[in-house]
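Colleague: I am new to reading models like this one, and I would love a close look at a single part. Could you walk me through it slowly?

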Amino acid sequence: MGSFLGHVLPGIAFFILGLWHLFNHTKLYSLQSNSYISSPWFPATKLRYLELYLIMLGSSISISMELFIGPEKHQPFDVDGTIPSNHLRNFEHSLISMSFFVYATFAVLLDRISARAQRGLTHILGAAAFGQQLLMFHLHSTDHAGLEGQYHLLLQTVVVVSLTTTLMGIGLPKSFLVSFVRSLSILSQGAWFVIMGFMLWIPGLIPKGCLLYNDDGHKIVRCSSEEALHRAKSLANIQFGWLVIGITIFAVTLYLGLVEKHSKGGEYSSVLSKEFEETREESSDCESLGKNRVEDTKSLLVERGFTPFDMER
């Protein structure tokens, strides 16, 4: 993952996955707003487990690149069987990919056996994967003080949202907003990965006063002064702010477009009027029920020898 392709390719995968979830959740909610229930993954038309199979494939490729294809010896261990220091980050990245592979594998298995707690367990597996991702980036062996550390810090804020909304989805299965934000956070992860790939490994895009150096087989951006580093971090913050604004505009526009496309004409007004009618019907039912109970009470007291005058008094 510590390269241009190592960030751009996973970024594209996260972006497509988030877009797929965002599209399906919005479409499902616009068609079935009253009976909407969130889903941790969506079956494809011809191949039910296509989404999960692609996650497994992408995770397998990532693990292979980190541990076997990327290293010069095509294996991550030293001659004495220990993990060399310059391969620690490879193992950290592979752990993230392994977590998503486990999530996708068990998601398929739980669906095949139709487990009773399938939806909740799948959410827990997804939360475990995001938790692993957050832990690895927070305790990353790379330099947290440099420009790359600032990009990773901003990435962690998005991963926290993915983790939190995934956990919330267990207790709030009917909340469209929870699913909407979770999909948006996955999409944002992908976009930020791509931005990191370009800004940290394309020499022409590296901020002024900073250069790309070779550090024990890994290319790292280092700045010539504290002022240059502070400027580079500020630019990263600005880029993240632009990303948040752009993703927000895109998500709301997509929502409005899908609702307009899949919702029937006048559905919202009819639904709203229907809700008011149901509320009025419930109120009238409660009033009639209360009156009937009062009349029943009065008739019962009269039968037992009390007159209406006594009752009122």
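How far apart do the end C-alpha atoms of residues 91-109 lie, and what share of the span is helix and what share strand? And once that is clear, please take me to helix H4 and its surroundings.

Modeller: Happy to! Please keep in mind that this is a predicted model. The end C-alpha atoms of residues 91-109 lie 27 Å apart, and the span is 100% helix and 0% strand. The UniProt annotation "transmembrane region", from an unreviewed entry, covers this stretch, along with residues 6-23, 52-71, 151-172, 184-206 and 240-259. For residues 240-259, the end C-alpha atoms are 28 Å apart, again with 100% helix and 0% strand.

Now for the wider setting. The chain has 9 helices and 2 strands, and from the N terminus on they run α-α-α-α-α-α-β-β-α-α-α. Of its 313 residues, 39% count as buried.

Let's turn to H4, which is made of residues 118-138. How well does its length agree with what a helix should span? At 1.5 Å a residue, its 21 residues should span 30 Å, and its end C-alpha atoms are 30 Å apart, so the two agree.

Which residues of H4 are buried? Among them are His-123, Gly-126, Ala-127, Phe-130, Gln-133, Leu-134 and Phe-137. As you look along them, a general point may help: an α-helix has 3.6 residues a turn, so residues three or four places apart point the same way. The cover over the buried residues of H4 includes helix H1 (4-31), helix H3 (88-112), helix H5 (147-171) and helix H6 (176-201).

For one piece of that picture, find Thr-166, which sits in helix H5. Thr-166 counts as buried because its relative accessibility is 4%, under the 20% cut-off. Leaving aside neighbours within four places in sequence, Thr-166 is in contact with His-123, Gly-126, Ala-127, Phe-130 and Arg-182. The side chain of Thr-166 also reaches the backbone oxygen of Ser-162, at 2.6 Å.

Finally, step back to the largest nonpolar core, which has 50 residues; Leu-52, Tyr-151 and Trp-192 have the most contacts inside it. H4 is one of the elements giving two or more residues to this core, alongside H1, helix H2 (50-69), H3, H5, H6 and helix H7 (226-262). H6 gives the most, with 12 residues. Trp-192, setting aside neighbours within four places in sequence, is in contact with Tyr-151, Leu-154, Leu-155, Ala-236, Gln-239, Phe-240 and Leu-243.

Notes. Residues numbered from 1 in each chain as written. Predicted model: local features only at pLDDT ≥ 70, side-chain atom pairs only at ≥ 80, totals over all residues. Heavy atoms only, no water. Helix = DSSP H or I, 4+ residues; strand = E, 2+ residues; numbered from the N terminus. Expected span 1.5 Å × (residues − 1). Buried < 20%, exposed > 50% of the residue type's maximum accessible area, 1.4 Å probe, protein only. Contact = heavy atoms within 4.5 Å. UniProt positions renumbered as here; feature names shortened; annotations may be inferred. Core = buried A, V, L, I, M, F, W, Y, C linked by side-chain atoms within 4.5 Å. Polar contact = N/O pair within 3.5 Å; in protein donor to acceptor, adjacent residues only side chain to side chain.
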